[in-house]
Amino acid sequence: MRSLLLILGICLATVGTLTSQTTFHANGVQDERPGLYALTGVTLHVDYQTVIENATLIVRNGKIEQAGKGITAPKGAVAYDLTGYHIYPSFIDLYTEYGIAPVKADGGRGDGPQRETNKKGAYGWNQAIKPETNAVQLFQVDAKAAEALRKIGFGAVLTHQNDGIARGSGLLVSTASSKDNEVILKGTASAHYSFDKGTSTQDYPGSLMGVIALLKQTYLDAQWYAGLKNVKEFNLSLDAWNKLQKLPQFFEVRNVLNALRADKIGDAFGVQYIMIGNGTEYQRYKELKATNAAMIIPVNFPKPYDAEDPFDALNVSLTEMKHWELAPANAYFLQKEGIQFAFTAAGLEDKTKFLEQVIKAIQYGLTEEQALQALTATPAKLLGVYDQTGSLENGKWANFLVTNGPIFKKESQIVEHWVQGNKYSINPKNAENLSGKYKLAVGTQTYTLEITGKPNAPEIIIKTSEGDTSKTKVTFTRKEQLVTLNYTLTGDSALVTRLSGLIQGKVWSGKAVVPGGIWTDWMAEYIAAIPDTSKPKTDSTKTIVFTTKSITYPFMAYGWDSLPKAQTVLIKNATVWTNTAQGILKNTDVLLKNGKIAQVGSNLSSAGVDRVIDGTGKHLTNGIIDEHSHIAISSGVNEWTEASSAEVSISDVVNSEDINIYRQLAGGVTTVQLLHGSANPIGGQSALIKLRWGYAPELMKIENAPGFIKFALGENVKQANWGEDNVSRFPQTRMGVEQVFTDHFLQAQAYAASWKSYNALTPKTKAGIEPPRKDLEMEALVEILEGKRFISCHSYVQSEINMLMKVAERFGFKVNTFTHILEGYKVADKMKKHGAFASTFADWWAYKMEVLDAIPYNASIMSAVGVVTAINSDDAEMGRRLNQEAAKSVKYGGMSEEEAWKMVTLNPAKMLHLDGSLGTVEAGKDGDVVLWSDNPLSIYAKVEFTFIDGIAFYEMLRDEQLRKDLAAERNRLIQEMINAKKGGAHTQKPVKKTQKLWHCDDMEGLEGFGEEHEGHGH
């Protein structure tokens, strides 16, 4: 009997691997019989929301032929009785590299710069843009990896080459261990993108904003290329890019702010991305909802930190602690907000724990139906293949899991995995629970079997009667449905009874050899469960409840439970620094209403006011405006790789999760210009933001703000201190810097002229010629020529300051602001004549050669000449105390207090063309005011309130309470992690992370670009 079953199993396995049509030549006899199977008695999960008990599933030629109840098995079908088992659709992973060999770096490069691509052929100019990569041509079945995927439930995966910014196409394959051409379900299934250069050795882009600019320019180039009537230069990359646009578009973003950035790119070009996240999506789930993007999310929840040593615990930020606690609830928050998502196993150190991690997500609020949907129907629909897979409906691929219980119960196991109609054993079928009492009949004799213990190692006792206390043990072996039992009732091994047979649900039967060598029939039938006398177990899927109050904005220390709103606020009896002809007013009230300064006066009525603040003995001023800041910028302040990077924009990389925003609010700062660095003569575009702490990047930006761009002069741009490997990029001298400006403005003039000529043509004439190519770099420079974008220029030496003013005058525009301008006192008269502003340091000098002539009287001298002058920070730490920096000019040069204060309020507002709404305390201006405990120029002054648009974004008393609350919250989380360790959880060692504080000459950028929470605060 056993031999017969073994032979039958081998035959069935052979039949199961065949397809209905042979597409290749092979040596020998070919068996082309159709794989026809009937799986009966199952609990069938047709899809994530449809369950049929006692169902039958018919599989023919790798497809589902019928699924439901009351179905008769077709003639010739191999039947499997799966009573007690469950069948689910196989899982689908949309983010893998399965079957694609790791890519090697493109070409070699030396220690110096590489400005051109190393890739040979008719491809695009940038190595990181490789849409021509065709994954189906690279794919090869990897039997070992396929087996690993099947074991954790994946029957199909989307795979692509995970390299570059534009990564080419992906393909959908099954995880069957078959030939390459047999497992491909969709050869060109998707297009893939990221913010990561990958193995490209080309310098550009060197920052996240450079990556974004490159993607935008590539979209524009591809559209232009597609519209050409006569292609003079064939471009494989742009041709491939255009062919991919109708496919599902996948974008690896790595963090939630990058998801918002990718969505902006997509919106600009009519593309809706499917985004691959990193598990932090819950931290900005409302903003993510507004993108309409579906998310592919990992389940690589962080381990608790080993925080038993209090000094080690200091190295773990509150953000990291809270993410440990909340990461498993990521999927719950997304589904609660109605965001479509699918799970991926990517990022798991141990992928065998995948189902365990999904179960953890269920414990944190996700339902089992939602989890199954995220593993089956959702990924299939996102890829547009729900007609082929994702459920067990007629005509779909026979990709399904056989489990010995509900799949999301910890004690359940995947027994078999069928992929394209091929059966793969995962765990032996004896893994189901056999426990209970059975009536055993051997020939004419009857007994009772009592089965207890684990499913894969049951303990069996045979009793001759109810009163039998001998506890005679039965030896038991099993291979799938075949079982063998041996027992001896008298203790004489010569009198052993041997049973062999099949398990069919609750009934076992077969042949027995009783003492004396006599053959007979035997049968065991389930009678009842055995009462469990052990301690009750906790529910393995107990739900842990979180609310949106668990999330703060931003997700770090000092964040808000809910974003603050504007109120009607009356500040009474303060000393008000108006920055107007009224000067400083004593005992004055200021009313903030609807985000504006509504009234300034005495004895204002408190009727209808939400909040009254006593300003007696205190000083009220405008919020400080920092003309030159580098806080709140993600992944690089410089696109240093080219002499001109006018196409890039800091606006694309505003980082709302920077603790320095809060710190500077505590110093009275309300508005800043986020500037590109000074690594090249023509830098990138600026972002003008208000420090709306907790708000997402787009809501921090000042609406309808004028456009600015960073230029630079001197040592940095000519690469004087970059080392011997950087001597080839033009310019290398101060003379060359001037020529860069001249050349680029000449190009911009020619570019503008070409568009002007084209736009003047009639539609009929336009239809017969090629349009100019839109160039983002030239667009920005043309805006300067047309007075629509203003220059803030990094500058030190008087000769270069004079040079740039002459270049500007030659091309008909003026330099808006010279920033740093430490030799401004030498050319102040020329600057006034030109109409330039000056934004300087109060007393920085001697930190490099070109600042040796700096003096602390610089600001006072320029102001005295009539140049509108400001004091800036250029430094995250200095930005907290610009009030004190302004006070230095009272000492150095005898400037009045009011004029000194204007250098950090009204004057920078004028420079940024924002003085229509900012810079003075008067009715109608924005409600951006600060209440100080003392004269704001005093080193003893503390900020008590910082209002922006009438919203109190900083309060000193709230800050004091927050410090206590945060200490308590840290202690709670540390105790939770210690308890988790005691409970057996694996831990990770705390590693202190330090925040990168950007400065003008920093050239780091894309390294670790996925991290946003670099400065968490404790």
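Author: Before turning to this predicted model, it helps to fix one word: a residue is called buried when its relative accessible area is under 20%, exposed when that area is over 50%, and partly exposed in between.

Reader: With that word fixed, which residues of helix α23 are buried?

Author: In helix α23, which covers residues 882-891, the buried residues are L882, N883, E885, A886, A887 and S889.

Reader: What do the buried residues of α23 pack against?

Author: They pack against β30 (624-629), α22 (858-865), β38 (869-871), α24 (897-902) and β39 (929-932). Just after α23 comes G893, whose phi is positive, at about 115°.

Reader: Why is S656 called buried?

Author: Its relative accessibility is 1%, and because the cut-off for buried is under 20%, S656 counts as buried. This residue sits in the loop between β30 and α15 (659-665), and, when neighbours within four places in sequence are left aside, its contacts include L257, R284, W693, Y695 and M700.

Reader: What makes the pair S656 and E657 a polar contact?

Author: The side chains of S656 and E657 are joined at 2.4 Å, and the limit for a pair of N or O atoms is 3.5 Å. These two residues are adjacent in sequence, and such a pair counts only if both atoms are side-chain atoms, which fits here because the contact is between side chains.

Reader: How do you know that F234 is partly exposed?

Author: The relative accessibility of F234 is 48%, a value that falls in between the limits of 20% and 50%, so the term is partly exposed. F234 lies in the loop between α5 (208-226) and α6 (236-244), and together with V231 and L236 it forms a nonpolar patch on the surface, with about 250 Å² of accessible area for the three together.

Reader: What makes E698 and K264 a salt bridge?

Author: A nitrogen and an oxygen of their side chains are 3.4 Å apart, and since the cut-off for a Lys or Arg nitrogen and an Asp or Glu carboxyl oxygen is 4 Å, the pair qualifies as a salt bridge. E698 belongs to helix α16 (residues 697-700) and K264 to helix α7 (residues 256-268), so the bridge ties together parts that are 434 residues apart in sequence.

Reader: Why are E698 and K264 each called partly exposed?

Author: E698 has a relative accessibility of 43% and K264 has one of 37%, and because both values fall in between 20% and 50%, each residue counts as partly exposed.

Reader: What makes E877 and R881 a salt bridge?

Author: Their side chains meet at 3.6 Å, N to O, which is within the 4 Å cut-off. E877 is partly exposed at 40%, and R881 is likewise partly exposed at 30%. Elsewhere, salt bridges that share partners join K596, K690, R692, D926, D928 and D949 into one network, and the structure holds 52 salt bridges.

Reader: Which residues touch the most other members of the largest nonpolar core?

Author: They are F343, F354, F408, L674 and W693, in a core of 158 residues. The element that gives the most to this core is α5, with 11 residues. There is also a second, separate core of 40 residues, among them V740, A748, C793 and V827.

Key. Residues are numbered from 1 along each chain as its sequence is written. This is a predicted model: local features need pLDDT of at least 70, side-chain atom pairs count only at pLDDT 80 or more; totals for chains, interfaces and linings use all residues. Side-chain values use heavy atoms; hydrogens and water are left out. Patches are made of residues with over 30% relative accessible area and no salt bridge: like charges are joined within 9 Å, nonpolar side chains (Val, Leu, Ile, Met, Phe, Trp, Tyr) within 5 Å. Accessible areas come from the Shrake-Rupley method with a 1.4 Å probe; for residues, only the protein chains shown count as cover. Helices (H or I, at least four residues) and strands (E, at least two) are DSSP runs, numbered from the N terminus. Buried means under 20% relative accessible area, exposed over 50%, partly exposed in between (1.4 Å probe, protein chains only). Contact means heavy atoms within 4.5 Å. A nonpolar core is a set of buried Ala, Val, Leu, Ile, Met, Phe, Trp, Tyr and Cys residues joined through side-chain atoms within 4.5 Å. A polar contact is a pair of N or O atoms within 3.5 Å; within protein, one must be able to donate a hydrogen and the other to accept it, and residues adjacent in sequence count only if both atoms are side-chain atoms.
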